[in-house]
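Biologist: I would like to learn how features of a model are read from its coordinates, one feature at a time. Could you take me through them, giving the general idea before each case?

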Amino acid sequence: MLTAAAVLIIAGAILLTFYVREKDIPATAPASPGAYLDDRKAQIYENLRDLQFEFRVGKLSDEDYQKTKLELQSELAKVLAEMDRIRGAAPKAAAAPAAPPPSPTIFVCRHCSARFERSLKFCGECGKSMTGDAV
Amino acid sequence: MENLGAIAILLAFCLSIYSVLSSVVGARKQKPLLTISGQRAVYAIWALLTTASALLVYALIVGDFRLAYVAKHSNRAMPALYKVAAWWGGMEGSLLLWAWVLSSYSALVVFTCRNKFRDMMPYVTAILMAVQCFFLVLIGFIENPFQVLAVGKGITEVPDGNGLNPLLQYWTMAIHPPTLYMGYVGFVVPFAFAIGSLITKQPGDAWIHTTRRWTIITWGFQSTGILLGAGWAYAVLGWGGYWGWDPVENASLLPWITATAFLHSVMMQEKKGMMKVWNMVLISATFFLCIFGTFLTRSGIVGSVHAFAQSPIGKYFVAFLAVGIAATVYLILDRLEYLKSEAQLESVISRESSFLFNNLILLASCFAVLWGTIFPVISEAVTGEKISVDAPFYNRVNVPIGLFLLFLTGVGPLIAWRRSSFESLKRAFLWPTVIGVMVMVGAVAGGSRHFYATVSFGLCAFVTGTIGMEFWKGSRAIAHKTSQNLIAAAVELTHRNTRRYGGYIVHMGIVLMFIGFTGAAFNKDGTHDVKVGDKFSIGRYELKIRDLLDGDNENYSWRKAAVDISVGGEQIDTLEPEQRVYKASRQPTSEVAIRRRLNEDLYLNFAGVTNDGRNLAIIQSYVFPLVTWIWVGFYVLMAGTLICLVPPKVKMQYLKTETVGYVKQNVPVS
Amino acid sequence: MSQYPSSSVAMRSFRPFLLILLAGLCLAQQSSDMLTPAIRRVGDRLACLCGSCKNTVATCQMLGCHYSAPARERIAKLQSQGMGDDAIIEDFIKREGKRALAAPPAEGFHLLSWAMPFISIAIGLWVIYLFVKRYQRPASAAAPIDRAALDRYKDEIDKDLAKLE
C-alpha cells in the first residue's frame, strides 16, 4: 500500500516534470512593444486625475496646479507621440488636415465617436451597435 | 512511511536543482520545452512537499514516536490542534513548513503567470527554486524531520513524547509561526520578480504591477504574525509584556520595516519612474532580512527565548546569505544604466521628499534594531568582553526615532506631489497642529509628567487630525459634486482610490497602536503573598481573594485563585488567574486572568506558592493603561490593508481604444 | 475552566503532591516586594542575566528569578550600607563584568553602539542631500515643454481625462 503510494507519487512527479509536449507550450501572446507605454500612459492619467482632485480639495495653490498640470500633459504628449512612432502611424492631428489616414480604415462609433482600427459589431466604448459605421 | 517522506524531500531537492538549470538554459537557448519542464518541476515539488508535510502531520497525530521529531515535540495527551501545530514546533518541522509555503507560493506564481512574461518567467522560476533548493538541502541533509530514533541501540522504544513546549500550547501561538512564515516567505516572490526583471531588463515596471498585491498581502501576513506573537507574549508569559526586544522578535520586525519602506518608495517609481535602484535595494534587503531572520531564529547565534532549537545550520545560512547578497549587488551594479531615473525632483517641498525622509527614518530604525541585535556578538569579537544590550538600549534609541516617524506619518500625505507651497502647507497643518498642541496641554494638565508620552499623545492627535482632514475634505468635495451625504461620499472617496485611503486607514491603525504603546509609560504593578480572605489594592482596584483551588487532568495539574475585584466598594468582576504544570515536560505555565477594557487592563498572574512553610499564593497584579488600543489598532491596520487590495473604481476606458490591435499584458489597476 | 474536576474546598494550604511537583521547579519563591523606588532606580541600569531575558533587574517579572531577585536584595543591602548608585553599579560590574549593565557603557568601543544609529541617520541625510542635489531640477530652468507635441495631443488628453472623472 505504502510502497504503491510512494511509486505513484514519485512516478507522477517525474512524469509531470519531464513529459512535456510541443502542444503544452502555452500560446503566450507576443508582448506588445508598447505595453510599457500603455502602463506609463495609464499612470500619467492617474496622476492627472489625482492632481485635479488634490487641487479641488485645496491642497495645491492655483499656480502649482497649473505648473504641474502642464508638466504632466507634456509628459503624456511625449508618451503618446512615442506610441504613435512605435505603431508606425503618422501623428493623427498633423496628418489629418492634409490627407485622410493612409493605412486601414478607421471605424468611428456614431453614438460616442470613439475610434477603432478595425470593424466591430459593438462599440468598445459605449457598447452600442456599430454595424455599418465605416468612415 | 518515514522512507517515503525522506524520498519525497530528496526528489524535491533534485527537481529544484533541475528546475533552476532547465529554466536558465531554456531561457538562454530559447528552448520553450525546457522552461516549461522547469515550471512543471515547481508543481511536482509542491506535490512532493505536500506529501512529506502530510506524512509528518499524520505521524504527529497518530503519535508515531519512532520518529525523533514526533517524540520530541508531541505527546499523546495533547489536543489535536496542538499536535498539528507541532509541525512547526521544532526546527526540522518549521524548516519543512518554510519549504512547503515557498513551494505553494511558487506553484501559485507559476500558475498565475503561465501565459505572461515569456522572457522573465524562467528567471523568476529559477530564483524561487534556488531558494527552495537551499531549504531542501537543510531539510534533506542536515535537519531531517523524518529521522528515526535508533530503537535497540541503547534507546528503548519511546512510549510517549515530550510534548510541545507548554508555552506554545496557546491558540495564537499555534498560528503565529505559520502566519509569520507566510510573511517571510512571501517576500521571496517580489524579490524573484525584481531580480528576474533586472536580469532580462524588462522595459517599464511590470514587476511592480505584478507583485503589488502580493507585497501588500505578504506585508499583512507579516504584521499579523508579529502582532499574534505580541498578543501571545502578553497573555501567556505572565508579566504583561508584548514586546521584549528579543533577537527573534527583532528578526521579524526587520523585514517588516524594510518592506514598509518599500511599499512607500515604490510609489515614487510607479508615479514618476524614480528611485529604481533604491527599490531594488529595498526589496532585496527585505528578502535577505527574511532569510537572516530565519537564520537568527534557527541558529541560536544570539541567545533568545525563541531559540527552541539550536543546531549547526548557521554556517549554511551564512554561506547562502553571502552568495546571495554578492550576486544581487553585482547584478544591481552591472545594470545601473537600466535602473536610471526617468524623472527629476521638481521641488524640495513635495511628496517625493517626504518619502525620502520616511525611508530614511524607517531604515534608521531598522538599522538601530539590527545593530542592537548583533552588537553583543560584534563587541565580544572585538573586545573579548561580553556585554548586554537590553530593552533600555532599544527604548532609548527607538522611541525618538519612532516618534519622528509618527510625525512624518502625519506630514507626508498632506504634501502634494511634485511641488507644494508654504501657503497651502500652512492651511493644511493649522488645525491638526492646534489639535495636537491642545492634547499635549491637556495631557500635562491631566498629570502626565512623562516627556515622550506627552509628545506621543500630541503626535497621535496631530496625525489623527491630518487623516481626518483628508477624509473630510475629500468626502466634502465628492458630496458637493454628487449630492450624496458625507458617509456615502467617504465610501465613494475610498473606493475611487483604495490604495491611498486604505493606506490612510493603515496609518490610523498605527496611530492607535502608538496610543497603546504610550500607555506603557503609566503601568503599575505589585506582588502579594495571600491567603483566602486577604485584600490588597492596585490602582483604583481593590482585590479580595475569595478562594484558592487546585486539581489536575491528564495533560497538566493546575491551581488557581478566585479574586473579587471592586472599585469604590462596589464589586465589578471576578478574575481567576491560574498556574499549570504540564506533566510531560514538567514545565509550569501561567494562565493569566485579564480584565480587558479600552482605558486599561487589569492583569492578574498566579505566580506560585511561597515555600517558606506558610504556603501562601503569590499573586502578581498589574494595571496596563491603554494596552487594548494596540490590538484595536491592529484590526484597523488589517482593515486598511484589505481596503488597499480592493480594485479601485476607475473607468479605464481610454485604454481599450488604444490597445485594440495587440494583446495587453497587464492592465494596470492603480 | 469548570470542565476540569476541581476541588472546591477552600484551602488553607495546597495539596502536598503538587507542592512536591512544584518545589523542584520553582526555587526560592518569595514575593518579598523588593522593588522600592530606590531599588528600581538602580535596578533599571542593570541587566537581568538569567539567560535569555532582555529585561533589567528592575523590570524582570519572573518569579524567583535566580539573577534579578538576589540582585535586588543585594542592591537593598548595599544601599542600607550607604553606598551610592554608581558605587553599587561598579560593584556589580566587578562581579559580573560589563555585561551586568543593561545597556552598553558609553565608553571606548561600546560608544559605537550608541553612536551608530545616529551616525546612520547622519549618513542618510547626507545621501538625501546628494540625491536632491543630483536630481533636483534647477528652479530657473523650467520643465522643457514641447508645445507642438502638447498642442497636437491636447484634445485627446482632455477628452480622455474628462471621461475619467
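Biologist: What pattern does chain C follow when it is read along the sequence?

Modeller: This is a predicted model, and in it chain C runs as α-α-α-α-α-α along the sequence, its secondary structure coming to 6 helices and 0 strands. Of the 165 residues of chain C, 41% count as buried, and among its contacts between residues at least 6 apart in sequence, 42% join residues at least 24 apart.

Biologist: How much area does chain C expose, and what share do carbon and sulfur atoms supply?

Modeller: The exposed area of chain C is about 9100 Å², with 60% of it supplied by carbon and sulfur atoms. One nonpolar surface patch, of about 650 Å², is made by Leu112(C), Ile119(C), Ile123(C), Trp126(C), Val127(C), Tyr129(C) and Leu130(C). Of these, Leu112(C) is found in helix 5 (residues 111–135) of chain C, and its relative accessible area of 31% makes Leu112(C) partly exposed.

Biologist: Turning to the interior, which residues have the most contacts inside the largest nonpolar core?

Modeller: The general idea is that in soluble globular proteins nonpolar side chains tend to be buried together. Here the largest nonpolar core has 196 residues, and those with the most contacts inside it are Trp98(B), Leu128(B), Phe135(B) and Phe193(B). Helix 9 (residues 206–236) of chain B gives the most to this core, with 13 residues. Leaving aside neighbours within four places in sequence, Phe135(B) is in contact with Leu95(B), Trp98(B), Ala99(B), Ile291(B), Thr294(B) and Phe317(B). A second, separate core of 22 residues includes Cys50(C), Cys53(C), Tyr67(C) and Ala71(C).

Biologist: How does the span of helix 3 of chain A agree with its 26 residues?

Modeller: One takes a rise of 1.5 Å a residue and compares the expected span with the separation of the end C-alpha atoms. For helix 3 (residues 62–87) of chain A, the 26 residues should span 38 Å, and the end C-alpha atoms are 37 Å apart, which agrees. The helix is followed by Gly88(A), whose phi is positive, near 80°.

Biologist: Which residues have a positive phi although they are not glycines?

Modeller: Lys201(B) is one of them, with a phi of about 50°; Lys201(B) sits in the loop between helix 8 (188–200) and helix 9 of chain B, and is partly exposed at a relative accessible area of 46%. Ser483(B) is another, with a phi of about 45°; this serine lies in the loop between helix 16 and helix 17 (486–496) of chain B, and counts as exposed at 66% relative accessibility.

Biologist: Is Gly465(B), by its relative accessible area, buried or exposed?

Modeller: Gly465(B) has a relative accessible area of 11%, and is therefore buried, the cut-off being under 20%. Its place is in helix 16 (residues 451–482) of chain B. Leaving aside neighbours within four places in sequence, Gly465(B) is in contact with Pro432(B) and Ile435(B), and the C-alpha atoms of Gly465(B) and Pro432(B), 33 residues apart along the chain, are separated by 4.6 Å.

Biologist: How many salt bridges does the count come to over all chains?

Modeller: Side chains of opposite charge can pair when their charged atoms come close. Over all chains the count comes to 39 salt bridges. In one of them, Arg418(B) pairs with Glu346(B), the closest N and O atoms being 3.2 Å apart. This pair links distant parts of the chain, 72 residues apart: Arg418(B) is in the loop between helix 14 (391–411) and helix 15 (422–445) of chain B, and Glu346(B) is in the loop between helix 12 (314–334) and helix 13 (351–383) of chain B. Both Arg418(B) and Glu346(B) are buried.

Biologist: Which salt-bridge pair crosses between chains, and where do its residues lie?

Modeller: Arg40(C) forms a salt bridge with Asp525(B), with 3.7 Å between the closest N and O atoms. The pair crosses from helix 2 (residues 37–43) of chain C, which holds Arg40(C), to strand 1 (residues 524–530) of chain B, which holds Asp525(B). Arg40(C) counts as partly exposed at 30% relative accessibility, and Asp525(B) is partly exposed, with a relative accessible area of 31%.

Definitions and conventions:
Residues are numbered from 1 along each chain as its sequence is written. Chains are lettered from A and ligands numbered from 1 in the order in which they are written. This is a predicted model: local features need pLDDT of at least 70, side-chain atom pairs count only at pLDDT 80 or more; totals for chains, interfaces and linings use all residues. Side-chain values use heavy atoms; hydrogens and water are left out. A nonpolar core is a set of buried Ala, Val, Leu, Ile, Met, Phe, Trp, Tyr and Cys residues joined through side-chain atoms within 4.5 Å. Buried means under 20% relative accessible area, exposed over 50%, partly exposed in between (1.4 Å probe, protein chains only). Helices (H or I, at least four residues) and strands (E, at least two) are DSSP runs, numbered from the N terminus. Contact means heavy atoms within 4.5 Å. The expected span of a helix is 1.5 Å times one less than its number of residues. Patches are made of residues with over 30% relative accessible area and no salt bridge: like charges are joined within 9 Å, nonpolar side chains (Val, Leu, Ile, Met, Phe, Trp, Tyr) within 5 Å. Accessible areas come from the Shrake-Rupley method with a 1.4 Å probe; for residues, only the protein chains shown count as cover. A salt bridge is a side-chain nitrogen of Lys or Arg within 4 Å of a carboxyl oxygen of Asp or Glu.
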